[in-house]
Amino acid sequence: MPKAKSKIQISNRRASFDYTFLETYTAGIVLSGTEIKSIRAGKASLADAFCYFDSVGQLYVKGMNVAQYFWGSWGQHEPVRDRKLLLTRRELRHLRQETKLKGNTIVAVKLYIADNGYAKLLIALAKGKKEYDKRQTIKTKDLRREMERGD
């Protein structure tokens, strides 16, 4: 029996304003029981989330806030903790090489529940925007909005 399609999509809207995305990857997340319950309830935030490599070469997301589960007090998780991301060795090696270049970083873009019921995190290899790039982004967004209103 196929699972119902989930509408849970928690996005980091600030990331597209501050960074230019070069490549995107879909990663699994290692979560505890109450964390997945909170995510399914839509109680998570990616506002300050970014990814880093530890000394062993594994990728972690830092700053992702998953609120404590409201239905019970036993076995609660810590809301802001580093969570391990699951990617293939080839993807991890490529990301590690690219983040060594100046200006490149890995940001969390979107958190969602996949069709199979697992939580997935869409991450992007990104390059920081300069101030004039941000102004250009605002200008094109305003022009697009005016064109849609005008038609």
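These notebook entries record what I looked up in one predicted model.

**Entry 1. The chain as a whole**

I began with the secondary structure, which comes to four helices and nine strands. I then read the order along the sequence and noted the pattern β-α-β-α-β-β-β-β-β-α-β-β-α. For the dimensions, I found that the C-alpha trace spans about 50 × 45 × 30 Å along its principal axes.

I next looked up burial and found that 34% of the 151 residues count as buried. The chain exposes about 10,200 Å², and carbon and sulfur atoms supply 52% of that area.

For contacts, I considered pairs of residues at least 6 apart in sequence; 67% of these contacts join residues at least 24 apart.

I also looked up the charged side chains. There are 30 positive and 16 negative ones, and I noted that the centres of the two sets lie 4 Å apart.

**Entry 2. Strand 7**

I turned to strand 7, which covers residues 83–86. Which of its side chains are buried, and which are not? I found an alternation along the strand: R83 and L85 point to one face and are buried. K84 and L86 point to the other face and are not buried.

I then looked up the pairing of this strand. Strand 2, residues 19–29, pairs with strand 7 in the antiparallel sense over two bridges. Within that pairing, I recorded L85 of strand 7 as the bridge partner of I29. Strand 5, residues 59–62, also pairs with strand 7 in the antiparallel sense, over two bridges. Here I noted K84 of strand 7 as the bridge partner of Y60.

Putting the two views together, L85 is a buried residue of the strand and is bridged to I29, whereas K84 is not buried and is bridged to Y60.

**Entry 3. R40**

I next examined R40, which I located in helix 2, residues 33–40. Is R40 buried, partly exposed or exposed? Its relative accessibility is 44%, so I entered R40 as partly exposed; the band for that class lies between 20% and 50%.

Which residues does R40 touch, once those up to four places away in sequence are set aside? I listed I8, I113 and G117.

Finally, I looked up the separation of R40 from Q9. The two residues are 31 apart in sequence, and their C-alpha atoms are 9.5 Å apart in space.

Key:
Residues numbered from 1 in each chain as written. Predicted model: local features only at pLDDT ≥ 70, side-chain atom pairs only at ≥ 80, totals over all residues. Heavy atoms only, no water. Buried < 20%, exposed > 50% of the residue type's maximum accessible area, 1.4 Å probe, protein only. Contact = heavy atoms within 4.5 Å. Pairing = 2+ DSSP bridges. Areas by Shrake-Rupley, 256 points an atom, 1.4 Å probe, with all protein chains shown as cover. Lys, Arg positive; Asp, Glu negative; His and termini not counted. Charge placed at Lys NZ, Arg CZ, Asp CG, Glu CD.
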